[in-house]
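Please open the model in the viewer and keep the sequence panel visible. The tour proceeds by selection, from strands to helices.

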Amino acid sequence: MKAVKPRIESVYGEGTRISFLLADKESEAQARRMVDSSKDKTLDLTAKEWKEKRSLTANAYFHALVSKMAAVLQSDIPSVKKHLVLSYGVSAERDSIPVTITLPKGVAAEDFYPYCEWVYGDSEGDTYELMKETHMMNTKEFSVLLDGTIRECKELGIETLSPDEIRRLYAQSDKGLLDS
């Protein structure tokens, strides 16, 4: 949910109330569903700074480049995408700590999650760091991934958009594109 203008107030005889204004209709609908489903429950809430998600147009461009790279490299699209996410993506984190999993020897982490990288192994098993999937990246994180993808495409002789076209791509509103 996207919220703005946090406010905290004391409510005599009850406690302290924190409130936010919801920034858009989608956030309002999400909040209504959450409240409706949890009226008599105690909740564990977290608020963090809002970061815009990557745009659908930038995502479509990334996937078009991945497809072109796969063709040039005579590889499959999932392998190329995995290489790019591991090379230019960001770690999945919980409370600012990278998320890792340890699996028994012989169990392939990729069978459970596509974007993980081996960190170390011992007699107990192998530990992998999980990377964010592209749909979970914010605009800044996704731009690093796309910039790395563009660099690799240029090295392979694949034509890419100009820097000005890429800036316009990031500036485009997905809402406008979806409405047309």
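Two strands are taken as paired if DSSP finds at least two bridges between them. Strands (E, at least two residues) and helices (H or I, at least four) are DSSP runs, numbered from the N terminus. This is a predicted model, in which local features need pLDDT of at least 70 and side-chain atom pairs count only at pLDDT 80 or more, while totals for chains, interfaces and linings use all residues. Residues are numbered from 1 along each chain as its sequence is written, and side-chain values use heavy atoms, with hydrogens and water left out.

**First selection: the hairpin**

Select strand β1 (residues 3–11) and strand β2 (residues 15–22), which run antiparallel and are joined by seven bridges. Within this pairing, I8 has I18 of β2 as its bridge partner, and R7 is partnered by S19 of β2. The two strands form a hairpin with three residues between β1 and β2. In the turn, display G13, whose phi is positive, at about 80°.

**Second selection: the open sheet**

Next, select β5, β7 and β6. These three strands form an open sheet in the order β5-β7-β6, with antiparallel pairing. Because β5 (100–103) and β6 (116–122) stand at the edges with a single partner strand each, one side of each is left without a neighbour in the sheet. Neighbouring strands of this sheet are turned by 25° against each other on average, direction ignored. Axes are lines fitted to C-alpha atoms, for helices over the stretch in contact, and angles run from 0 to 180 degrees between N-to-C directions.

Now restrict the view to β5 and strand β7 (residues 125–130), an antiparallel pair joined by four bridges. L103 stands opposite D126 in β7.

**Third selection: helices α2 and α4**

Select helix α2 (residues 56–73) and helix α4 (residues 139–155), whose axes come within 10 Å and cross at roughly 30°. The angle makes α2 roughly parallel to α4 (angles under 35 degrees count as roughly parallel, over 145 as roughly antiparallel, 65 to 115 as roughly perpendicular and the rest as oblique).

Show side chains at the contact (heavy atoms within 4.5 Å). From α2 the participants are A58, N59, Y61, F62, L65 and M69, and from α4 they are F142, L145, L146, T149, I150, E152 and C153.

Which aromatic rings should be displayed here? Choose F62 and F142: their ring centres lie 5.7 Å apart and their planes stand at 75°, so the pair is edge-to-face. Rings of Phe, Tyr and Trp (its six-membered ring) pair if their centres lie within 6.5 Å; planes under 30 degrees apart count as stacked, over 60 as edge-to-face and the rest as tilted. The pair links distant parts of the chain, with F62 in helix α2 and F142 in helix α4, 80 residues apart. A search of the whole structure finds two aromatic pairs.

**Final selection: helices α3 and α4**

Keep α4 and add helix α3 (residues 77–88); the two pack at an angle of about 120°, with their axes 9 Å apart. This makes α3 oblique to α4. The contact comprises H83, L84, V85 and Y88 of α3 together with V144, L145, G148, T149, R151 and E152 of α4.
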